[in-house]
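Please open the structure in your viewer and keep the sequence panel beside it. The tour below moves from one selection to the next and says what to look for at each stop.

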Amino acid sequence: MNPLPSVLSLTLLVLTACSGGSSSAPDPKPDPQPIPLTFTTVDTFAGQVGVRGSADGKGAQATFNYPVGLAATTGGPNNEVLLYIAGLTENIRYAQVGYADNPVGTAIGKGESGSVDGDPSTARVRAPQGIAVGYSDDAYEAYAYWTEDDSCVIRKLTRYPLNGNRKAVTVAGQAYTCGAADGPAASARFNRPEGIVANTRTGDVFVADTANSTLRRIYGDTVSTIAGVAGQPGSVDGVGGAARFSAPRGLAMDRAENLYVTDGYTVRKVTPAGEVSTLAGKAGVGGDANGPGQTARFGRLAGIAVDENGTVYVADSGNHCIRSVAPDGTVGTAAGLCGVAGAADGRVNAATFDEPAGLAYFNKRLYVSDSKSQTLRRVR
């Protein structure tokens, strides 16, 4: 695993000698501004356009059934990109991108609906939604966390997905018992949770508790609500319980440990202190306009990711494209033709998507679960 490092503020100091032998500390140069990534190409590396199924194998031969959640890390025999995939095949799958035809396999689950813990021969998975890379106190034990919205639980995969000792374990909640209770993980309750992200430095796991309109935190054996109030949807900025969310879905975290949330037609930001603000979009108002944050418009938002420069990317499922949000809130189109559904590869300004759902960013690439085309795409 590659734990996400804490952000270090780098200031370059240039020391020069002053005339006359005297010396004084010069003004430091300003921090260099990050150079935004420029993507050029979209390609399909796994799945068959329009073909639903659950076949493993070479990427071009594998099939998916509405892939949704996506998380990226590294692993495998050649240290290739390892993607975890959640979707309607009732299991957790993986793809080894960049290794021998991009093989797709099943990490856990038998393709039979259920929310049953156990090893690969006994575990069952029920409609997984969000998925995230994480770890536990036992280094390299837990490689993935996921949400099951139908069964209202948070679960994890222990061990590398090709390790024979891997298991599915329920982390918080009780299967098919929905609610909004904080407290010990076994007695805590969620209501159709979707998004999830793990802080690989601290071990915290954050959950977009969609039907409760809240953000939750799992740390150790305890669940708490960090923002919003269960049963009180809205779109109000503020701190902690003073903030309101409509239907939070996707979650991502930057290197400063800020959270980013797709919430209806808006992208929200939550600082480590719990301060919630609206980064871009307007609550209740859809559209596809690029521009400054408050004037930009989105369609139905789903997955979200953030790069090392602080640029946020969102799967604008309703507009069939991938949008970018700069740290100052300025919105652009990263890939796809907004308003045009399809599955065409090619240049980013000509490629098309069909209701993209999950997003993962890794090593200057965006990975997309293109839900209605039944494929996995890459933006590079």
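In this predicted model, begin by selecting residues 301-306 and 331-335, which are strands E20 and E23, the edge strands of an open sheet that each pair on one side only. The sheet has four strands in the order E20-E21-E22-E23, and their pairing is antiparallel. From one strand to the next, the twist averages 30°.

Now move inside this sheet and select residues 312-316 together with residues 321-325, that is, strands E21 and E22, which run antiparallel and are joined by five bridges. If you show the side chains here, you can find Tyr313 standing opposite Ser324 of E22.

Stay with E22 and add Cys338 to the selection, since a disulfide joins Cys321 to Cys338, with an S to S distance of 2.1 Å. Cys321 lies in strand E22, whereas Cys338 sits in the loop between E23 and strand E24 (346-347), so the bond ties together parts that are 17 residues apart in sequence. The torsion about the S-S bond is about 90°, and the disulfide is therefore right-handed. Are the two cysteines buried or exposed? Cys321 counts as buried because its relative accessibility is 0%, a value under the 20% limit, while Cys338, at 22%, counts as partly exposed.

Next, select Cys152 and Cys178, whose sulfur atoms are 1.9 Å apart and form a disulfide. Cys152 belongs to the loop between strand E7 (142-148) and strand E8 (153-158), and Cys178 to the loop between strand E9 (167-172) and strand E10 (183-184), so that this pair links distant parts of the chain, 26 residues apart. This link is right-handed too, with 80° about the S-S bond. Cys152 is buried, with a relative accessible area of 0%, whereas Cys178 is partly exposed at 41%. The count comes to two disulfides, and with bonded cysteines counted along the chain they follow the pattern 1-2, 3-4.

For the last stop, select residues 205-209 and 214-219, strands E12 and E13, which pair in the antiparallel sense over five bridges. Phe206 stands opposite Arg217 of E13. The two strands form a hairpin with four residues between them, and in its turn Ser213 has a positive phi of about 60°. Extend the selection to strand E14 (residues 222-227), which runs antiparallel to E13 and is joined to it by five bridges; here Arg216 has Thr225 as its bridge partner. E13 and E14 also form a hairpin, with two residues between them, and Gly220 in that turn has a positive phi of about 60°.

Technical notes: Residues numbered from 1 in each chain as written. Predicted model: local features only at pLDDT ≥ 70, side-chain atom pairs only at ≥ 80, totals over all residues. Heavy atoms only, no water. Pairing = 2+ DSSP bridges. Axes fitted to C-alpha atoms, helices over the stretch in contact; angles between N-to-C directions. Disulfide = S-S within 2.5 Å. Buried < 20%, exposed > 50% of the residue type's maximum accessible area, 1.4 Å probe, protein only.
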